[in-house]
Amino acid sequence: MTGGLVVVGASLAGLRAVEGARRAGFDGPITLIGAEPHLPYDRPPLSKAFLDASREAPFYRTEETLRQELRTRLLLGEPATALDCRRRVVSVGDREIPYGGLVIATGATARRLPGTGHLAGVHTLRTLDDAIAVREALDDGARTVVIGAGFIGSEVASAARKRGLPVTIVEALPTPLVRAIGTAMGEACSALHLANGTDLRCGVAVRAIEGDGRVERVRLADGTVLDADLVVVGVGAAPATDWLHGSGLTLDNGIVCDAHLATGVPGVYAAGDIARWFNPLFGRHMRLEHWNSAAEQGGAAGAAAALPGSAKPYETVPYFWSDWYDARIQFAGIPDADEVKVVAGDTEAGAFVALYRTGDRLTGALALNKPREIMKYRGQIGRRGSWADALDFAATRR
Ligand code: FAD
């Protein structure tokens, strides 16, 4: 293959692409291009343990391993700026990097609130540098306001409460997490905030974030004013596709791919948070922002791009976890369902399993503080198990 394998995006999916290509026996040159100056690192700890104490940055591999064992040329600290599929080159500023096979793993970028960029103390939490800034503010005892009661915002609130700091979460929707786990379970999980002393305000919008150079207060649409030294904006992420406009790839809430993670342009695959691929298990396109699928897709796309003809369909039951206070939330499957039923424990007690039914199939499962249960139901969802069988199984687990 002339031009070797080029991987754009040096994070989880990008690293796994490199490893996947080598594991599959690819012996040619590999170049890994990353916008951040850092070696690939693990993001989930950034909103969890990394905020608690002075933990080391969670790098996956040393530079030596990447360069010598994985024989990878690293181009870090500068983003890829364009892709020319016809000439098979990726541009990084003025430089052109030719490829034989290409994996695009540029992930997602945190959404910001317009008009707040000029204020110190207002952060998103997507990168290691973001996490260092948030941790420093917590070290200084910041009064914290989190905007958005999603998973990352909720984890930041947990970290602040663990230090005994005052935290308010402001959520525009009446119930948090509706899109991720549905209304009833969104309510059940957000009860953890109340139980842990976080002031959760739902159904109210932010009108302004104010301060003189540095954030001082957040003004809400209902007239409330919240004093703040730290504001963390957790309002979701958007796929990092800006650099691909005009490339000829199909962009629609991510890079649209088939079941093989192939983009339809010869030699070009996508993986991780940026990929909206056809998941054969559910018969639909999906774009996930989950650690497990990013890792698995990276491995599959790396092998497929490096060794033409070796691509296999990738299917999965979506899975993610989140840690709030001392609780672990896990979800498998898809959340839009005809019925959600608690089958073990109870929502008041802070430990339960809820199952999600679509038609006569089990299509989702949520566990709060029941870490050993979720994978059993994930397996059933993957086998297209029936609702009746899932309930019978649940009865044996009580
Ligand atoms: P990313 O990790 O987003 O990496 C993309 C990389 O590409 C970045 O380094 C970016 O700088 C780089 N890049 C972007 N544009 C360019 C360009 N033009 N040129 C070169 N490089 C570029 N998932 C869970 O399942 N459970 C969790 O508990 C959990 N916690 C999380 C906590 C945080 C704080 C965050 C941010 C995410 C969390 N996730 C969690 C999600 C999980 O980390 C992501 O799904 C995963 O990181 C996706 O990997 P990726 O490689 O596809 O993309």
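This section describes the ligand site, two sets of paired strands and a few loop residues in a predicted model.

The ligand is a good place to start. It is surrounded by 31 residues, and the closest of these are Ser 11, Glu 36, Arg 43, Lys 48 and Arg 126. Sorted by character, the shell consists of 17 nonpolar, eight polar and six charged residues. Several elements of secondary structure contribute to the shell, with at least two residues coming from each of helix H1 (12–23), strand S2 (30–34), helix H8 (291–306) and strand S22 (319–324). Seen at the level of domains, domain 1 (5–109 + 237–306) and domain 2 (112–233) each provide at least three residues of the shell.

Individual polar atoms can also be followed at this site. Arg 43, one of the closest residues, places a polar side-chain atom 2.6 Å from an oxygen atom of the ligand. The backbone takes part as well: a polar backbone atom of Trp 291 is 3.1 Å from a ligand oxygen atom, while a backbone N or O atom of Ala 35 lies 3.0 Å from a ligand nitrogen atom. On its own, the ligand has 1000 Å² of accessible area, and the protein covers 92% of it.

Attention now turns to the loop that follows strand S2. Pro 37 is found there, between S2 and helix H2 (49–52). With a relative accessible area of 57%, Pro 37 is exposed. A residue well separated from Pro 37 in the chain can be picked out for comparison: Glu 78 is 41 residues away in sequence, yet the two C-alpha atoms are 7.5 Å apart in space.

Two other loop residues deserve a look for their backbone angles. Arg 71 is not a glycine, but its phi is positive, at about 45 degrees. This residue sits in the loop between helix H3 (63–69) and strand S3 (72–76), where Arg 71 is partly exposed, with a relative accessible area of 40%. Asn 253, likewise a residue other than glycine, has a positive phi near 50 degrees. Its loop runs between strand S17 (237–239) and strand S18 (255–256). The relative accessible area of Asn 253 is 43%, so this residue counts as partly exposed.

Strand S18 leads into a small set of paired strands. Here three strands make up an open sheet in the order S18-S20-S21, and the pairing is mixed. S18 and strand S21 (284–286) each have a single partner strand and stand at the edges, so one side of each has no neighbour in the sheet. Strand S20 (residues 275–279) runs parallel to S18, and two bridges join them. At these positions Ile 255 stands opposite Ala 275, and Val 256 stands opposite Arg 276. On the other pairing, S20 and S21 run antiparallel and are joined by three bridges, with Trp 277 having Met 286 of S21 as its bridge partner. The same two strands, S20 and S21, form a hairpin with four residues between them, and Gly 283 in the turn has a positive phi of about 65 degrees. As for cover, S20 is mostly out of reach of the probe, since four of its five residues are buried.

Further along the chain, strand S26 (residues 361–368) is also mostly covered, with seven of its eight residues buried. S26 pairs with strand S23 (residues 327–333) in the antiparallel sense over five bridges. Within this pairing, Phe 331 has Leu 366 of S26 as its bridge partner. Strand S25 (residues 351–358) runs antiparallel to S26 too, and seven bridges join these strands. Tyr 356 and Gly 364 of S26 are bridge partners here. S25 and S26 form a hairpin with two residues between them, and its turn includes Gly 359, which has a positive phi of about 60 degrees.

How values were computed. Residues numbered from 1 in each chain as written. Predicted model: local features only at pLDDT ≥ 70, side-chain atom pairs only at ≥ 80, totals over all residues. Heavy atoms only, no water. Near = heavy atom within 4 Å. Polar contact = N/O pair within 3.5 Å; in protein donor to acceptor, adjacent residues only side chain to side chain. Areas by Shrake-Rupley, 256 points an atom, 1.4 Å probe, with all protein chains shown as cover. Nonpolar A, V, L, I, M, F, W, Y, C, P; charged D, E, K, R; others polar. Domains from an automatic or database assignment. Buried < 20%, exposed > 50% of the residue type's maximum accessible area, 1.4 Å probe, protein only. Pairing = 2+ DSSP bridges.
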